[in-house]
Amino acid sequence: MPAHIPERRSLSRRLKPYLLVFDGPLAMILFLLFSVGTLTMSSAGHDFPGRMEGQMRNIILSFTVMWIAANIPPQMLLRLAVPIYTFGVALLVAVALFGTIKKGARRWLHLGIDIQPSEILKIATPLMLAWYFQSRAGFMKWQNFIIAAILLLIPFGLIVRQPDLGTALLVGTAGFWVIFLAGLSWKALLALFSAGCAGLPVAWSMLHDYQRERVMTLIDPTSDPLGKGFHIIQSTIAIGSGGVTGKGYLKGTQAYLEFIPERTTDFIFSVYSEEFGLVGNLILLFLYLLLIGRSMMIAANAPNLFTRLLAGSIAMMFFVYAFVNMGMVSGILPVVGVPLPFMSYGGTALITLGLGSGILMSIQRHRKLVQT
């Protein structure tokens with residue numbers, strides 16, 4: 001037997017413990033989504049020097065964060081929930097007091113480099129709420145849901161104040177799903193829905209002018225076709241012109257003639273739709289359904305309340321990301337700056353998504369080791 005064969009086997013044995021942390025089905029789905037995203041990014045970013053290289057760095061960083069999170073046992077996540085949430089809220093307070101203002105919004109904190117603390121709360125908030133319900137498991141009362149709502153409203157309100165409706169939406173929905181999965185009754189949901197409808201006039205009066213313009217543009221984008229409505233009009237033209245099978249890879253006119261703004265970030269779905277058409281969209285939707293389905297399967301098999309709530313919230317976070325982005329790009333939701341998961345350019349969002357995926361893998365890997 002050649003001498004190099006045992007060496008290869010020895011190398012495979014050494015690598016095996018590091019690779020086993022990845023959940024096979026989930027890792028394969030993410031690989032396919034990253035592949036589709038990279039393919040689309042190479043087309044959308046053709047005239048953005050360094051954009052592809054930057055996205056590859058972001059993907060590598062996302063996978064690194066995913067691997068680290070997959071190695072952290074759920075028991076440690078349970079112990080870290082309160083400190084991470086407290087640290088995140090403290091940073092949001094610091095942003096409100098002396099944060100950096102960019103484009104009229106106070107969202108960043110300068111600590112050597114500019115960071116956006118609200119991103120931490122996308123994971124920290126459901127982590128905190130899952131910890132809270134786990135600590136009350138077995139003797140849940142309606143008062144516990146009120147306290148949970150307060151824990152959610154604190155970061156939500158601070159983020160809305162910046163203002164950053166897109167991130168506030170993601171943080172709010174991530175926390176809401178934890179509360180809902182913890183056993184919130186349908187009567188309470190109906191009451192909340194009714195209260196929300198009744199409070200719409202008040203909410204409208206509290207919106208900034210540019211936020212109201214986004215809503216009005218959604219209703220009638222042709223009222224300002226060269227201004228506020230330009231994004232939506234050009235995006236819907238791109239999606240519609242793709243037809244059933246698309247114009248072909250690298251053949252999208254809306255993207256190459258630079259009619260689609262933010263085509264490598266929030267509006268990358270328009271580029272994808274124009275080039276791959278309805279068939280491509282159905283394939284992408286199927287991949288997202290597989291991602292959400294696998295995540296929900298991990299949640300269903302989770303060993304205790306904490307891990308079930310956390311995994312379920314992350315699964316629904318993937319859903320909200322995809323639904324809101326596709327909805328706003330298609331013109332059925334206001335533009336709120338939510339990226340398309342695992343496809344849009346951006347380091348912070350990919351790190352958050354990688355962290356969430358890693359937590360899912362950790363829950364799946366350690367499900368037999370966690371005490372109920």
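Glu262 sits in the loop between helix 12 (253-256) and helix 13 (268-300); helices here are DSSP runs of H or I with at least four residues, strands are E runs of at least two, and both are numbered from the N terminus. Although Glu262 is not a glycine, its phi is positive, at about 50°. Its relative accessibility of 48% makes Glu262 partly exposed, a label for values between the buried class (under 20% relative accessible area) and the exposed class (over 50%), using a 1.4 Å probe and protein chains only. The model is a predicted one, in which local features need pLDDT of at least 70 and side-chain atom pairs count only at pLDDT 80 or more, while totals for chains, interfaces and linings use all residues. Residues are numbered from 1 along each chain as its sequence is written, and side-chain values use heavy atoms, with hydrogens and water left out.

A second non-glycine residue with positive phi is Phe342, with a value near 65°. Phe342 belongs to the loop between helix 14 and helix 15 (347-365), and at 1% relative accessibility Phe342 is buried. Phe342 also turns up among the residues with the most contacts inside the largest nonpolar core, next to Phe133, Leu284, Tyr288, Leu291, Leu310 and Phe318 in that list. That core has 85 residues, a nonpolar core being a set of buried Ala, Val, Leu, Ile, Met, Phe, Trp, Tyr and Cys residues joined through side-chain atoms within 4.5 Å. Helix 14 (residues 305-330) is the top contributor to this core, giving 15 residues. Phe318 has a varied set of partners: leaving aside neighbours within four places in sequence, Phe318 is in contact (heavy atoms within 4.5 Å) with Leu291, Ile292, Ser295, Pro341, Phe342, Leu353, Ser357 and Leu360.

Now for the annotated spans. The unreviewed UniProt entry carries the annotation "transmembrane region" for residues 18-39, 84-101, 142-159, 165-182, 189-207, 276-293, 305-324 and 344-363; its positions are given in the numbering used here, feature names are shortened, and annotations may be inferred rather than shown by experiment. In the model, residues 276-293 are 100% helix and 0% strand, with the end C-alpha atoms 24 Å apart. Residues 305-324 likewise come out as 100% helix and 0% strand, and their end C-alpha atoms lie 28 Å apart.

Ile298, in helix 13, is buried at 1% relative accessibility. Not counting residues up to four places away in sequence, Ile298 touches Asp23, Leu26, Leu360, Ile363 and Gln364. With Leu26 the sequence separation is 272 residues, yet the two C-alpha atoms are 9.7 Å apart.

On to the open space. The largest pocket holds about 1900 Å³. On a 1 Å grid over the protein atoms alone, a pocket is an open set of points with protein on both sides within 12 Å along at least five of seven lines, whereas a cavity is a set where a 1.4 Å probe fits but cannot get out; lining residues have an atom within 4 Å of a point. Grid points are joined across faces, edges and corners, and the volume is the space filled by probe spheres set on the points. The lining of the largest pocket runs to 42 residues, with Phe156, Leu169, Gly172, Thr173 and Gly196 nearest the centre. Helix 6 (142-160), helix 7 (165-181), helix 8 (186-198), helix 9 (200-206), helix 10 (209-219) and helix 14 each give two or more residues to that lining, and helix 6 supplies the largest share, eight. By class the lining has 33 nonpolar, eight polar and one charged residues, where Ala, Val, Leu, Ile, Met, Phe, Trp, Tyr, Cys and Pro count as nonpolar, Asp, Glu, Lys and Arg as charged, and the others, Gly among them, as polar.

Helix 6 is also home to Leu158, which touches Val89, Leu92 and Val93 when residues up to four places away are not counted. In the loop between helix 6 and helix 7 lies Pro163, joined to Gln162 by a cis peptide bond with omega about 0°. Gln162 in turn is one of the residues touched by Val95, along with Arg106, Arg107, Trp108, Leu109 and Pro117, again not counting residues up to four places away in sequence. Val95 lies in helix 4 (residues 74-98) and is buried, with a relative accessible area of 1%.
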